Amino acid sequence: MPQIGEQRVSYAPTSVSDMAAASFDVGVAPLEGGARLAVATLVEGRAADAVVHEAAHVAADARLAVPAARVVWQDARVVVPLLLDAGVRLERVRDLRLVHRILAQARGMEAEERWSRPMRVEAEGLFSLAPEAEPVEALAQQLALQEAAIGEDAGLRMLAAAESMGGVLAVELSRQGLPFDRARHDALLVEALGERPPGGGRPRRMEALATQVREALAAPRLNPDSPQEVLKALKRAGVDVGSTSRWELAEHEHPAVEPLIEYKHLARLHTANGWSWAQRWARTDERGRTRLAIEYVPGGVVTGRWATEGSGAMQIARQIRGAIAAEPGMRLVVADAAQLEPRALAAIARDEALADAGRGTDLYRGLVDRGVVESRQQAKIGMLGALYGGTTGESAVVLPRLARAYPRAMGVVEAAARAGERRERVRTWLGRTSPLPPRWRDDERGIRQARAWGRFTRNFVVQGTAAEWALAWMAGVRRAIRDVEGAALVCFLHDEVIVQAPEAQADAVAESVREAAAEAGRLLFGGFPIDFPVQTAIVGDWGQAKD
DNA sequence: AGAGCATGCGCC
DNA sequence: AAAAGGCGCATGCTCT
C-alpha cells in the first residue's frame with residue numbers, strides 16, 4: 001500500500017544541472033506582454049529551432065511539429081488562452097507550475113522552513129530558475145528536472161498529466177462560464193426571500209421574520225445579523241444558549257427560535273447567492289448570452305481538489321440552481337459520481353468486498369442488502385464516520401460493523417490516521433503528498449491536535465484520490481465531447497460535472513460522460529473491479545436535476 | 001478607515 | 001459551542 005507512510009521524491013528545482021533528454025517536442029512560453037509565443041522544436045532537451053510567432057500562427061506550427069507533441073508551459077492561465085484563441089488542440093500537456101507544486105510537496109520541506117519562507121516555492125518560477133536561458137530552454141530545463149523527479153513512478157506520471165490537463169480544463173471552464181438566467185434567478189429569490197423594497201433594505205419575508213424575532217425577544221431595535229446582539233437578547237429572554245448557531249438554537253423551545261433560524265437561512269441565501277451576487281458575477285456577452293464568470297483554481301485545496309476564486313461558485317445554493325439554465329436549443333447534462341469517496345477507498349485498499357457492495361448504482365444500499373447495516377442512512381453515517389474519523393454518536397455505533405465487513409478498506413483509513421498522528425506524511429493513490437503538520441506538544445492539547453491531524457490524513461488519502469479520479473473523468477469527458485459541435489463543459493464540482501449540449505446530442509453526451517467514468521476507473525485502478533456509476537440527468541435547468 | 005479575526009453557513 | 005474531513009464568503013466586531 002504505497003500511499004501510506006513517508007515517501008520522498010528527489011526534486012531540487014533550485015539547482016539546474018541535469019539537462020537530460022526531454023520527451024517533448026514543443027515548448028510554449030509567454031513573452032513580454034503575453035501577446036507573442038515562443039515555439040520551438042526541442043531535441044534532446046535543447047531548443048533546436050526556436051522561433052517566435054504571433055499567436056495566430058501557433059496552431060499551424062504546433063500541429064506541424066510532431067503529431068504526438070507534448071506542449072509545455074509554465075502557467076496555463078497565461079498561455080492556454082492564447083493557444084485556444086489560435087485554435088490549438090491540446091492533448092498532451094505539462095503544466096510546470098502545477099506539477100512543480102506537487103513535486104515540491106512530495107520532496108517535503110520542514111514545516112519551519114515553510115513558515116520562514118512561505119512564498120518561496122510558489123515564487124520559484126521558471127525565469128528565476130534560469131534567468132539567462134531563453135524561455136524555451138528554461139522550459140526544457142525545468143521539464144527535465146521534473147521528469148527526473150518523476151522517474152519511473154507511474155502514479156506520479158499519471159498525476160502530472162492529470163493535473164496539467166486540469167490546468168487546461170480550468171481555463172476552458174472559466175472562459176466558458178456557467179449559463180445563467182437572470183430572470184429565473186430573480187424569481188427564485190423573490191419566491192424565497194420576498195420582494196425587495198424599492199428603496200433598499202431587507203426583502204419582505206426577511207423583514208417580516210426579523211420583526212417576529214424582535215417581538216418574541218422584546219427587543220425592538222435588535223439587528224438579527226449581529227450574533228452578539230442576538231445572543232444577548234436571547235439570554236435576556238431566558239433562552240440559555242452559548243452561541244447563535246442553528247444546532248444550538250434548535251435545542252430550545254421559544255417563539256423566537258423558529259423565525260430566527262428561518263431568518264438566518266434566508267439571510268445566508270440573500271448574501272451568498274442573492275441579487276448583488278448575481279449583479280457582480282453574471283456577465284452578458286455581445287451575443288446576449290448570460291453566464292456566471294467563475295475562476296477555477298485547480299489544485300487550490302491541499303488534497304488536490306479545486307477551489308474557486310471570488311464567486312463562491314462551488315457553493316451555489318441548491319435553492320437557486322434553477323437559474324443555471326440551458327440556452328435556447330441546448331440542454332444541460334448534469335452528471336454526478338455516486339458515492340465517489342467510498343469507491344475510491346475500496347479501490348485504494350483493493351477491498352473486493354466493499355467493491356462488491358458498490359456494484360451497481362448505490363453503494364449504501366449495497367451495504368444494507370449485505371446485512372452490514374440496517375438502513376441506508378446508517379450506511380451513510382457509518383461510511384462518513386470512517387472517512388472523516390467520527391468517534392461519537394451513530395457513526396461510533398456503526399463503525400465496528402463496517403470494520404468487520406471491510407477490514408481492508410477500514411485498515412487503510414485507520415493506518416492513514418495513525419500515520420498522521422505520528423506526524424508521518426501520507427499519499428494519495430497517484431502520489432500527492434500530505435503536508436507536514438505544525439508542531440504540537442506532548443500534553444493533553446497536543447494529543448488532541450495529533451488526533452485532529454490524524455483525521456485530516458485519514459481523509460486526505462480518500463478525498464485526494466477521489467479528486468484524482470475526478471480529474472481523469474473530466475479529462476475523459478473533455479476528449480469525448482470535443483468533436484460534438486456546440487457541446488462544452490460548463491461546471492465542475494468535485495464529483496459532478498455539467499455539460500451544455502445541443503438538444504439532439506444530449507443523450508450521446510450523457511452516454512459519453514458515463515463511459516468516461518468507467519474509463520477513469522480503469523486508468524487509475526487497472527483491473528480492480530470497482531464501479532464508478534454516474535447519475536446523469538438531461539435537463540433544462542440545474543434545479544430539475546434531483547439527486 | 002482598513003486589516004484581520006471570529007462567527008456562521010452551505011457546498012462537496 | 002459540536003459531533004466528523006475539505007473549502008469560500010459575508011458580516012460583525014476589534015484592533016490599530
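**Contacts of the protein with two DNA strands, and its aromatic and charged pairs**

In this predicted model, an N or O atom in the side chain of R305 is placed 2.7 Å from a base oxygen of DNA strand B. Local features were considered only at pLDDT of at least 70 and side-chain atom pairs only at pLDDT 80 or more, whereas totals for chains, interfaces and linings use all residues; side-chain values rest on heavy atoms, with hydrogens and water left out. Residues are numbered from 1 along each chain as its sequence is written, and chains are lettered from A and ligands numbered from 1 in the order in which they are written.

The contact of R305 is a polar contact, defined as a pair of N or O atoms within 3.5 Å; within protein, one atom must be able to donate a hydrogen and the other to accept it, and residues adjacent in sequence count only if both atoms are side-chain atoms. Two further arginines approach DNA strand B. A polar side-chain atom of R268 is found 2.5 Å from a base oxygen of this strand, and one of R321 is 2.8 Å from a sugar or linking oxygen. R321 is also positioned over the face of W542, 4.1 Å from the ring centre. A charge is taken to sit over a ring if NZ of Lys or CZ of Arg is within 6 Å of the ring centre and within 35 degrees of the ring normal. R423 lies in this way over W440, at 4.7 Å from the ring centre.

DNA strand B is surrounded by 17 residues, of which R246, H265, R268, R305 and D495 are the closest. A residue is near a strand if one of its heavy atoms lies within 4 Å of it. By class, this surface comprises four nonpolar, six polar and seven charged residues (nonpolar: Ala, Val, Leu, Ile, Met, Phe, Trp, Tyr, Cys and Pro; charged: Asp, Glu, Lys and Arg; polar: the others, Gly among them). Helix α13 (residues 257–273) gives the most to the surface, with three residues; helices (H or I, at least four residues) and strands (E, at least two) are DSSP runs numbered from the N terminus. Sugar or phosphate accounts for 78% of the strand B atoms within 4 Å of the protein, and bases for the rest.

DNA strand C is surrounded by 29 residues, with S226, G310, T391, R455 and F456 the closest. Of the strand C atoms within 4 Å of the protein, 71% belong to sugar or phosphate and the rest to bases. Phosphate oxygens of strand C lie 2.2 Å from a side-chain N or O atom of S226 and 2.3 Å from a backbone N or O atom of G310. A side-chain N or O atom of R268 is 3.2 Å from a base nitrogen of strand C. Two or more residues of this surface come from each of α12 (246–249), α13, β10 (307–309) and α21, and α21 gives the most, with four. The surface divides into six nonpolar, 17 polar and six charged residues.

Nine aromatic pairs are present. Rings of Phe, Tyr and Trp (its six-membered ring) pair if their centres lie within 6.5 Å; planes under 30 degrees apart count as stacked, over 60 as edge-to-face and the rest as tilted. The pair of W429 and F525 is tilted because the planes stand at 45°, with the centres 5.5 Å apart. W429 is in the loop between α20 (407–421) and α21 (444–481) and F525 in helix α22 (residues 506–525), so the pair ties together parts 96 residues apart in sequence. F525 is buried at 1% relative accessible area (buried: under 20%; exposed: over 50%; partly exposed: in between; 1.4 Å probe, protein chains only). W453 and F456 form another tilted pair, at 4.7 Å and 55°. One aromatic cluster consists of W429, W469, W473, F525 and F532.

Salt bridges, in which a side-chain nitrogen of Lys or Arg is within 4 Å of a carboxyl oxygen of Asp or Glu, number 29. One of them joins R458 to E414 at 2.8 Å, N to O, linking helix α21 to helix α20 across 44 residues. R458 is buried at 7% relative accessibility, whereas E414 is partly exposed at 32%. Both belong to a network of salt bridges formed by E414, R418, E421, R451 and R458.
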